[in-house]
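Here is a short briefing on ring contacts and one surface patch. Please take a look at the model below before reading on.

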Amino acid sequence: MKSLTRLGTGFAAALLEAWQELRIHKLRVLLSLVGVTIAVASLTTALAGAGMARQMMTENLESEGRPAMIVVYAFDPNSDGGPAGNAQIDEAFQKTSDRFKVEYTTMMGRNYEQTASAQGMSVDAEVMVVDPDYAPMHRLVVTEGRWLEAEDARNLAPAAVVDRNFMKELGLEGHRLPLTVDLMSNGKAVSVTVIGTTKGTSYGMGGRLWMLPATYEHWFGSQAPLNEVSYKLWVPIEGSEELAMHFGQQMQAELPGLTVDAHREDYLMWGADESLKMLTMVVAGIAIIILLLGSLSLLNVAMVTMKQRIREVGIRRSFGATTGRVFFSVMMESVVATAVAGGIGVLISVALVSNENLLNMVMATELDQMPAFPIGAALLGMGVSIAVGALTGVLPALVAARVKIVDAIRV
């Protein structure tokens with residue numbers, strides 16, 4: 001117990017002594033630690049920024065379907081048309097989904113031949129016909145208003161959710177919801193109530209509009225049949241390929257005369273993207289080079305300072321300071337200095353990475369789910385700075401430990 005107390009007291013005394021020496025030589029130390037601070041901030045920001053970039057990439061990829069996503073098509077092998085959708089196929093899909101106890105399912109159909117208009121402006125809109133489960137299955141976040149619900153099919157006017165591009169093209173940005181737009185289909189105009197908006201999701205198009213299948217069938221089905229009809233299931237990743245095969249077989253049995261194709265279709269089935277890891281390694285490598293250059297500057301200052309402190313070390317040795325105590329105290333000066341620099345660098349990194357407006361500007365997009373600052377990146381930054389301080393302090397500490405009392409008196 002006494003030995004532990006003595007060890008703790010000695011360590012605290014060495015820290016205090018190192019801090020006092022840093023205060024005495026603060027100008028030299030400050031100049032030498034600028035590089036270390038910048039390097040630690042760069043290293044930590046690179047690792048944390050990679051997490052943000054991974055989040056952005058994940059959101060973009062999952063907008064097409066969160067893993068594991070099984071896509072089901074039903075079509076007539078004797079017809080030249082594409083995948084079809086009708087009441088019989090809908091019923092077979094729902095029956096098979098219930099049999100396999102799948103919680104999240106949706107039908108998905110498209111139509112590109114409709115024009116939306118409001119306030120004298122018009123835009124060619126992509127109409128997406130989906131079930132309410134489509135939003136969680138595709139990480140679709142409503143920024144204003146609300147998402148579609150099953151009860152909306154009974155509304156007296158068709159309800160729809162649109163994206164930001166749709167609102168922008170019609171000059172409706174900033175308008176309060178709900179609002180009304182006209183949807184033109186084969187010369188027939190229908191007033192549609194917009195109940196919610198999402199961020200921009202349609203690339204190179206005028207806008208996107210989501211509507212329930214029952215709503216679309218009632219108001220537009222006869223004038224504008226759907227294209228590219230498919231059915232989707234969101235299931236656990238483990239065993240999803242086998243589930244897709246069995247699901248297709250069971251649904252095929254419900255639809256004699258039709259061909260059913262069910263397969264997994266999401267970004268994880270092709271493996272993880274390695275490009276982001278390579279980018280992180282490159283940025284981290286550059287930061288480590290900066291860190292080494294900063295440590296060389298710190299080493300240079302420490303060696304010059306130690307040559308001026310030989311008399312001081314000799315006096316400490318004459319009062320009974322052991323070689324180990326002198327070595328440890330001098331090395332701790334570099335450790336404490338780089339730890340302080342590393343702490344400042346981590347704080348700079350946290351301030352940069354946690355700034356949502358700055359991140360959105362750099363990434364040119366908005367994150368639906370802002371991830372927390374990774375603790376691992378902060379701990380790694382601090383650990384690297386302390387390790388560099390220890391390595392940098394070894395050489396000056398060896399010089400100090402070899403100082404003899406006679407040589408110090410002669411100086």
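Is phenylalanine 93 buried or exposed? With a relative accessible area of 3%, phenylalanine 93 is buried (under 20%, against over 50% for exposed and in between for partly exposed, using a 1.4 Å probe and protein chains only). This is a predicted model, in which local features need pLDDT of at least 70 and side-chain atom pairs count only at pLDDT 80 or more, while totals for chains, interfaces and linings use all residues. Residues are numbered from 1 along each chain as its sequence is written, and side-chain values use heavy atoms, leaving out hydrogens and water.

**Aromatic pairs**

- The structure holds 7 aromatic pairs (ring centres of Phe, Tyr or the six-membered ring of Trp within 6.5 Å; planes under 30 degrees apart are stacked, over 60 edge-to-face, the rest tilted).
- Phenylalanine 93 and tyrosine 231 make a tilted pair, with ring centres 4.9 Å apart and planes at 35°.
- Phenylalanine 93 lies in helix α3 (residues 87-99) and tyrosine 231 in strand β9 (residues 227-234), so this pair ties together parts 138 residues apart in sequence (helices, H or I, of at least four residues and strands, E, of at least two are DSSP runs, numbered from the N terminus).
- Tyrosine 231 is buried too, at 1% relative accessible area.

**The wider cluster**

- Phenylalanine 100 and phenylalanine 247 are also a tilted pair, 5.6 Å centre to centre with 45° between the planes.
- Phenylalanine 100 is partly exposed at 28% relative accessibility, whereas phenylalanine 247 is buried at 1%.
- Phe93, Phe100, Tyr231 and Phe247 form one aromatic cluster.

**Helix α10**

- Valine 340 sits in helix α10 (residues 323-353) and is partly exposed, at 36% relative accessibility.
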